[in-house]
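Visitor: I would like to learn how to read charged pairs and annotated spans in a model such as this one. Could you take me through them step by step?

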Amino acid sequence: MDLVDIDAWVWWLVGAAALGIPLVITTMPEFGMFAVGAIAAAVAAGLGLGAVGQVLVFVVVSVALVAVVRPIANRHSRQRPQLPTGIDALKGKQALVLERVDGSGGRIKLAGEVWSARSLDTDRAYEPGQEVDVVDIEGATAIVL
């Protein structure tokens, strides 16, 4: 069997697989879009389209994907998550004072965990049992009000 005897659709699939390699290595989604174009050309070859038709299908599908999908992907990658996570999710929560909290320190129970805390207003102190609002997190210390 000669390389010339291999059907065109197989070559397009080989090309799609070859485009998948730089997609994984570089994480550039454009390679994936070109791979999808090559798969579309393989389908066109399997349906009996000639070489020119196959190349046109590859180009049209690839360019359409780059023109349509890439701007959408860029827009989504710039968006911040809609739900706050990590430390941002704790800001604004209420906490229970476990040990006296003042400008130099103390302990609170925040989101089911014990945290070190200090008062935002250094002249103000909160006694055990009081509820406080978390206004910021600095390292492992909650700043409360």
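**Reading salt bridges and annotated spans**

Guide: Let us begin with Lys91, which is partly exposed, with a relative accessible area of 36%; please keep in mind throughout that this is a predicted model.

Visitor: Which side chain does Lys91 meet in a salt bridge?

Guide: The general idea is that side chains of opposite charge can pair when their charged atoms come close. In this structure the partner of Lys91 is Asp136, with 3.5 Å from N to O, and a search of the whole structure finds six salt bridges.

Visitor: Which parts of the chain does the pair of Asp136 and Lys91 tie together?

Guide: Asp136 belongs to strand β4 (residues 131-138), while Lys91 sits in the loop between α4 (87-90) and β1 (94-102), so the salt bridge links parts that are 45 residues apart in sequence. Asp136 is, at a relative accessible area of 27%, partly exposed.

Visitor: Which side chains form salt bridges with Arg100?

Guide: Arg100 meets Asp102 at 3.8 Å, N to O, and it also meets Glu127 at 2.5 Å, N to O. Because Glu127 lies in the loop between β3 (113-119) and β4 whereas Arg100 is in strand β1, the pair of Glu127 and Arg100 ties together parts that are 27 residues apart in sequence. Salt bridges can also share partners, and in this way Asp88, Lys91 and Asp136 are joined into one network.

Visitor: Are Arg100 and Glu127 buried or exposed?

Guide: The answer lies between those words, since partly exposed covers the range from 20% to 50% relative accessible area: Arg100 has 43%, and Glu127 has 36%.

Visitor: Where is Ala125 found, and which residues does it touch beyond those up to four places away in sequence?

Guide: Ala125 is in the loop between β3 and β4 and, with a relative accessibility of 26%, counts as partly exposed. Leaving out residues up to four places away in sequence, Ala125 touches Arg100, Val101, Asp102 and Gln130, so that two residues already met in the salt bridges, Arg100 and Asp102, appear here again. Its C-alpha atom lies 7.3 Å from that of Gly103, although the two residues are 22 apart in sequence.

Visitor: Where does UniProt place the feature "transmembrane region"?

Guide: The unreviewed UniProt entry places this feature at residues 6-24 and 31-49, and such a record can be set beside the model's geometry. Residues 6-24 are 89% helix and 0% strand, with end C-alpha atoms 27 Å apart, while residues 31-49 are 84% helix and 0% strand, with end C-alpha atoms 24 Å apart.

Notes
Residues are numbered from 1 along each chain as its sequence is written. This is a predicted model: local features need pLDDT of at least 70, side-chain atom pairs count only at pLDDT 80 or more; totals for chains, interfaces and linings use all residues. Side-chain values use heavy atoms; hydrogens and water are left out. A salt bridge is a side-chain nitrogen of Lys or Arg within 4 Å of a carboxyl oxygen of Asp or Glu. Helices (H or I, at least four residues) and strands (E, at least two) are DSSP runs, numbered from the N terminus. Buried means under 20% relative accessible area, exposed over 50%, partly exposed in between (1.4 Å probe, protein chains only). UniProt positions are given in the numbering used here, feature names are shortened, and annotations may be inferred rather than shown by experiment. Contact means heavy atoms within 4.5 Å.
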